[in-house]
Amino acid sequence: MDKAQNPPITSRKQPQQARSAELVAAILQAAIQVLQSEGAQRFTTARVAERAGVSIGSLYQYFPNKAAILFRLQSDEWLQTGNLLRDILHDQQHPPLLRLRHLVHAFVRSECEEAQMRIALQDAAPLYRNAPQAKQAKAASQTILHDFMYEVLPDNTVDERQLAADLIGTSLGTVGKQFSEQPRSDEEISRYAGAMADMFCAYLIGLQARP
């Protein structure tokens, strides 16, 4: 039962040569196209191989099943989000709360620009959501937020910093996804992100003022 619900999601091997890397890149690009055009329910390795113009055997050399392909796409998305968090929140040229504002605007815009892909990956999430690799990948972004909260709230308790990091991280992901589910203009994105940033900053300023 567990094996049926949790198929292996780790790639069989990593490409070592340029030609192999190009093959994997072609498979992943085809997977994105199939996911966006067919949806998670009709996503299959056969469709991906056909779209990529490779044999199913070549695909299986690197990905044991469709869950492994989808998890790789999701992992790349998590990595991109983690890099966004790190690059903005670690930028010491700006004060912390201004960095947070920059992050909210960049994150919401990113959610809107890649909404179709994110929604499709969310539909596919049951295939890999509870896998240990998924939890490890998501933990990296949480660590970045927790470190940032220590900088913003050095005099607050560990529990308060933990709550602030979880609340802001969860709100960004959940609200950003819901907001991006329909087309938005640049003005709407800017106004919405600005209001969200105002709420986060007011919350943190309130925590800073606590004795």
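Buried means under 20% relative accessible area. The model worked on here is predicted.

**Exercise 1. The overall fold**

Task: State how many helices and strands the chain has, and give its extent.

Solution.
- Step 1. The chain has ten helices and zero strands.
- Step 2. Read along the sequence, the pattern is α-α-α-α-α-α-α-α-α-α.
- Step 3. Along the principal axes, the C-alpha atoms fill a box of roughly 65 × 35 × 35 Å.
- Step 4. The chain has 211 residues, and 39% of them count as buried.
- Step 5. Take contacts between residues at least 6 apart in sequence: 70% of these join residues at least 24 apart.

**Exercise 2. The cysteines**

Task: Decide whether Cys-201 is buried or exposed, and find how many disulfides there are.

Solution.
- Step 1. The relative accessible area of Cys-201 is 4%. The cut-off for buried is under 20%. Cys-201 is therefore buried.
- Step 2. A disulfide needs two cysteine sulfur atoms within 2.5 Å.
- Step 3. For the sulfur of Cys-112, the closest cysteine sulfur is in Cys-201, at 19 Å, so the pair is too far apart for a bond.
- Step 4. Cys-201 is in no disulfide either, with Cys-112 holding the nearest cysteine sulfur.
- Step 5. The count comes to zero disulfides.

**Exercise 3. H2 against H7**

Task: Classify the crossing of helix H2 (residues 18-38) and helix H7 (residues 115-124), then describe the contact.

Solution.
- Step 1. Two packed helices are described by the angle and the distance between their axes.
- Step 2. The axes of H2 and H7 come within 9 Å and cross at roughly 85 degrees.
- Step 3. Angles of 65 to 115 degrees count as roughly perpendicular. H2 and H7 are therefore roughly perpendicular to each other.
- Step 4. H2 contributes Ile-32, Leu-35 and Gln-36 to the contact, while H7 contributes Gln-116, Met-117, Ala-120 and Leu-121.
- Step 5. By class, this contact has five nonpolar, two polar and no charged residues.
- Step 6. The buried residues of H7 are Ala-115, Met-117, Arg-118, Ala-120, Leu-121 and Ala-124. They pack against H2, H5 and helix H6 (96-113).

**Exercise 4. A buried glutamine**

Task: Place Gln-74 in its helix and list its contacts beyond four places in sequence.

Solution.
- Step 1. Gln-74 is in helix H5 (residues 66-89).
- Step 2. Its relative accessibility is 7%, so Gln-74 counts as buried.
- Step 3. The Gln-74 side chain makes a polar contact with the side chain of Glu-77, at 3.0 Å.
- Step 4. Leaving aside neighbours within four places in sequence, Gln-74 is in contact with Leu-121 and Tyr-128.

**Exercise 5. Leu-89 and Met-149**

Task: Find the C-alpha separation of Leu-89 and Met-149, and describe the surroundings of each residue.

Solution.
- Step 1. Leu-89 lies in helix H5. Met-149 is in helix H8 (residues 132-152).
- Step 2. Leu-89 has 1% relative accessibility, so it counts as buried. Met-149 has 0%, so Met-149 also counts as buried.
- Step 3. The two residues are 60 apart along the chain, and their C-alpha atoms are separated by 10.0 Å.
- Step 4. Leave out residues up to four places away in sequence. Met-149 then touches Arg-161, Ala-164, Ala-165, Ile-168 and Leu-204.
- Step 5. With neighbours within four places left aside, the contacts of Leu-89 include Leu-100, Leu-103, Ile-144, Leu-145 and Phe-148. Arg-99 is also in contact with Leu-89.
- Step 6. Leu-89 and Arg-99 are ten residues apart in sequence, and 5.6 Å separates their C-alpha atoms.

Note on methods:
Residues are numbered from 1 along each chain as its sequence is written. This is a predicted model: local features need pLDDT of at least 70, side-chain atom pairs count only at pLDDT 80 or more; totals for chains, interfaces and linings use all residues. Side-chain values use heavy atoms; hydrogens and water are left out. Axes are lines fitted to C-alpha atoms, for helices over the stretch in contact, and angles run from 0 to 180 degrees between N-to-C directions. Helices (H or I, at least four residues) and strands (E, at least two) are DSSP runs, numbered from the N terminus. Angles under 35 degrees count as roughly parallel, over 145 as roughly antiparallel, 65 to 115 as roughly perpendicular and the rest as oblique. Contact means heavy atoms within 4.5 Å. Ala, Val, Leu, Ile, Met, Phe, Trp, Tyr, Cys and Pro count as nonpolar, Asp, Glu, Lys and Arg as charged, and the others, Gly among them, as polar. Buried means under 20% relative accessible area, exposed over 50%, partly exposed in between (1.4 Å probe, protein chains only). A polar contact is a pair of N or O atoms within 3.5 Å; within protein, one must be able to donate a hydrogen and the other to accept it, and residues adjacent in sequence count only if both atoms are side-chain atoms.
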